[in-house]
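Work through the exercises below with the structure open. Try each task before you read its solution.

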Amino acid sequence: AKTLLEHQFNGQFYAHFGTKYWGSQSIKAPIFFQIDPYASEEVSILMGPKMNLNRSGSKSQEVISQFHRREDYLRGEELTPGFFEFLRPTNYIINSHIAENLDFSAEAVVDFTSLSPEQRWIYFEIYEEMVVDSVMWNGQKMPFFKERYNPMLWIECVPKLLELERRTLRIYYHGRLIRRAGYNLDRKILSIQSAIGWYPRHGGRDAATFDLTFTAPKELKLISVGDLQHSESKGVMTTSRWLTKGAIRNAAFNIGYYNPHEIQDFGMVPITVLAIEDNRGDLDQEVSDDVVGSFKLFRQQFGQVQADRLYVTETPFPHGLAFPGMLHLSWSGTLDLSPRGYEAVFRAHEVAHQWWGIDVDFTSYHDQWLSEGLATYCGLLFLETEQDGFERYIELLRIWKKHIIEISDGPSRGGRQAGPLW
């Protein structure tokens, strides 16, 4: 889209050259060949699309193989997959307002550096249901467009951006980012629809500093990445400000009707576990024990982390996410149906990301095992320290091995599709 908007040529090639039929012949998926000069590895063979991912109708594609162009290998240079970006955000100042009815609005001031010459159009990505109200530069409104249910925000640069030029944009937007979840009558379970899509981003690998201010209903507890600078309540609202000490890759927050549980342990960073009100007390204690126990173990094995404290916040989604000094963690739900011991591995896995994935990051998918592989191993390492842990450790390894080696006949039959190791 950027190339077309700027009336240029970039060598993009995309072809559909066959169809793969799944075992029953009733489900078929097209095969594509693509050359994308802006991809981390320019040449790829894809299968799909198979399924809708969101309301915009976008589809998922499975990468069968991807690699660099032939001429790149012939040059004999060391080729490290990277991510081509047109600009690099370096600092964010975001003022967010969450109304009593949970309507979200924000002003984001973004400092960035242009990485490409003569740019007429630039883009950011943001949660697809956000509505952008205006974009300002030097006090002047800039032309932009963003369709609803589409995450792409396109901004026209007048005058054109020069390479290495620095600019500051001011973006105003709003949307239904936070919703009530669950079926209980008081509906005290809140869910953030996009953990990192709540602010405009370009790419996903570059780090930036963040100055975050939130104004939210006083009855709710809000936790953010960064260090809390101050918090002040006026009437029914509370305003808090959070600053990151250095550049981080992903900024996140969580909000809800939480019961905070402070854990102070000699030699440990302070840990605050925030469980949704009226949750099961025994489960809350189990989560706290797993978080503290795994943190202690990993600190002994790998040393201290950069984070000065750790917030563990409950989320209604059946997964976990790790950010610097902060976790989004599922307490129960689908975990109750998981193999014995999986819950402890899952929680310890997310704690381990403070070391593997945050303090030690990865460059591309080739190196992502540094994050996911080592975090999973750490989860098993923690499980082994529990009662009957070794038996459960071996049981989980057998289950995972079965999942890996069972190649499925179709997109809904479990197992994993065979793919390249490098």
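**Exercise 1. Strand β5 and its partners**

Task: Find the strand that runs parallel to β5, and state how many bridges join the two.

Solution.
- Step 1. Note that this is a predicted model.
- Step 2. The parallel partner is β15, residues 209-217, and seven bridges join β5 to β15.
- Step 3. Check a pair on this side: His 97 stands opposite Thr 215 in β15.
- Step 4. Now turn to β6. Strand β5 covers residues 87-98, and eleven bridges join β5 to β6 in the antiparallel sense.
- Step 5. Check a pair here too: Ile 98 faces Phe 104 of β6.
- Step 6. Follow the chain from β5 into β6. The hairpin has five residues between the strands, and Leu 102 in this hairpin has a positive phi near 75°.

**Exercise 2. A sheet of three strands**

Task: Give the strand order of the open sheet that contains β7, and say why one side of β7 and of β10 lacks a neighbour in the sheet.

Solution.
- Step 1. The order is β7-β11-β10, with antiparallel pairing.
- Step 2. β7 (119-125) and β10 (144-145) are the edge strands; each has a single partner strand, so one side of each has no neighbour in the sheet.
- Step 3. Look at the pairing of β10 with β11 (residues 152-161): two bridges, antiparallel.
- Step 4. In that pairing, Phe 144 stands opposite Ile 155 of β11.
- Step 5. Stay in β11, where Pro 159 is found. The peptide bond between Val 158 and Pro 159 is cis, with omega about 0°.

**Exercise 3. Positive phi in the loops**

Task: For Glu 118 and Tyr 149, report phi, location and exposure.

Solution.
- Step 1. Glu 118 is not a glycine, yet its phi is positive, about 50°.
- Step 2. Glu 118 sits in the loop between β6 and β7.
- Step 3. The relative accessibility of Glu 118 is 42%, so Glu 118 counts as partly exposed.
- Step 4. Tyr 149 also takes a positive phi, near 65°.
- Step 5. The loop between β10 and β11 holds Tyr 149.
- Step 6. At 24% relative accessibility, Tyr 149 is partly exposed. The cut-off for buried is under 20%.

**Exercise 4. Gln 66 and its surroundings**

Task: Is Gln 66 buried or exposed? Which side chains make polar contacts with the side chain of Gln 66?

Solution.
- Step 1. Locate Gln 66 in strand β4, residues 62-67.
- Step 2. Gln 66 counts as buried because its relative accessibility is 18%.
- Step 3. The side chain of Gln 66 makes a polar contact of 3.3 Å with that of Glu 41. A polar contact of 3.4 Å links the side chains of Gln 66 and Tyr 365.
- Step 4. List the contacts beyond four places in sequence: Ser 40, Glu 41, Val 43, Ser 44 and Tyr 365 all touch Gln 66.
- Step 5. Move to Ala 39, in the loop between β2 (28-35) and β3 (43-47). Ala 39 has a relative accessible area of 25%, so Ala 39 is partly exposed.
- Step 6. From Ala 39 to Glu 85 is 46 residues in sequence, and 9.4 Å in space from C-alpha to C-alpha.

**Exercise 5. Nonpolar cores**

Task: Which residues touch the most other members of the largest nonpolar core?

Solution.
- Step 1. The largest core has 55 residues; Leu 169, Tyr 173, Trp 198 and Phe 253 touch the most other members.
- Step 2. Strand β6, residues 104-114, gives the most to this core: five residues.
- Step 3. Another core lies apart from that one. It has 36 residues, including Ile 271, Phe 295, Leu 329 and Leu 396.
- Step 4. Inspect Phe 253. Beyond four places in sequence, its contacts include Ile 98, Phe 104, Trp 198, Met 326 and His 328.
- Step 5. Keep the general rule in mind: in soluble globular proteins, nonpolar side chains tend to be buried together.

**Exercise 6. Helix α5 and the whole chain**

Task: How far does α5 reach from its first C-alpha to its last? What share of the chain is buried?

Solution.
- Step 1. Helix α5 spans residues 372-384, 13 residues, and reaches 19 Å; this is close to the 18 Å expected at 1.5 Å a residue.
- Step 2. Buried residues of α5 include Ala 375, Cys 378, Gly 379 and Phe 382.
- Step 3. Zoom out: the chain has six helices and 24 strands.
- Step 4. Of its 422 residues, 45% are buried.
- Step 5. The chain exposes about 21900 Å², and carbon and sulfur atoms supply 52% of that area.

Technical notes. Residues are numbered from 1 along each chain as its sequence is written. This is a predicted model: local features need pLDDT of at least 70, side-chain atom pairs count only at pLDDT 80 or more; totals for chains, interfaces and linings use all residues. Side-chain values use heavy atoms; hydrogens and water are left out. Helices (H or I, at least four residues) and strands (E, at least two) are DSSP runs, numbered from the N terminus. The expected span of a helix is 1.5 Å times one less than its number of residues. Buried means under 20% relative accessible area, exposed over 50%, partly exposed in between (1.4 Å probe, protein chains only). Accessible areas come from the Shrake-Rupley method with a 1.4 Å probe; for residues, only the protein chains shown count as cover. A nonpolar core is a set of buried Ala, Val, Leu, Ile, Met, Phe, Trp, Tyr and Cys residues joined through side-chain atoms within 4.5 Å. Contact means heavy atoms within 4.5 Å. A polar contact is a pair of N or O atoms within 3.5 Å; within protein, one must be able to donate a hydrogen and the other to accept it, and residues adjacent in sequence count only if both atoms are side-chain atoms. Two strands pair if DSSP finds at least two bridges between them.
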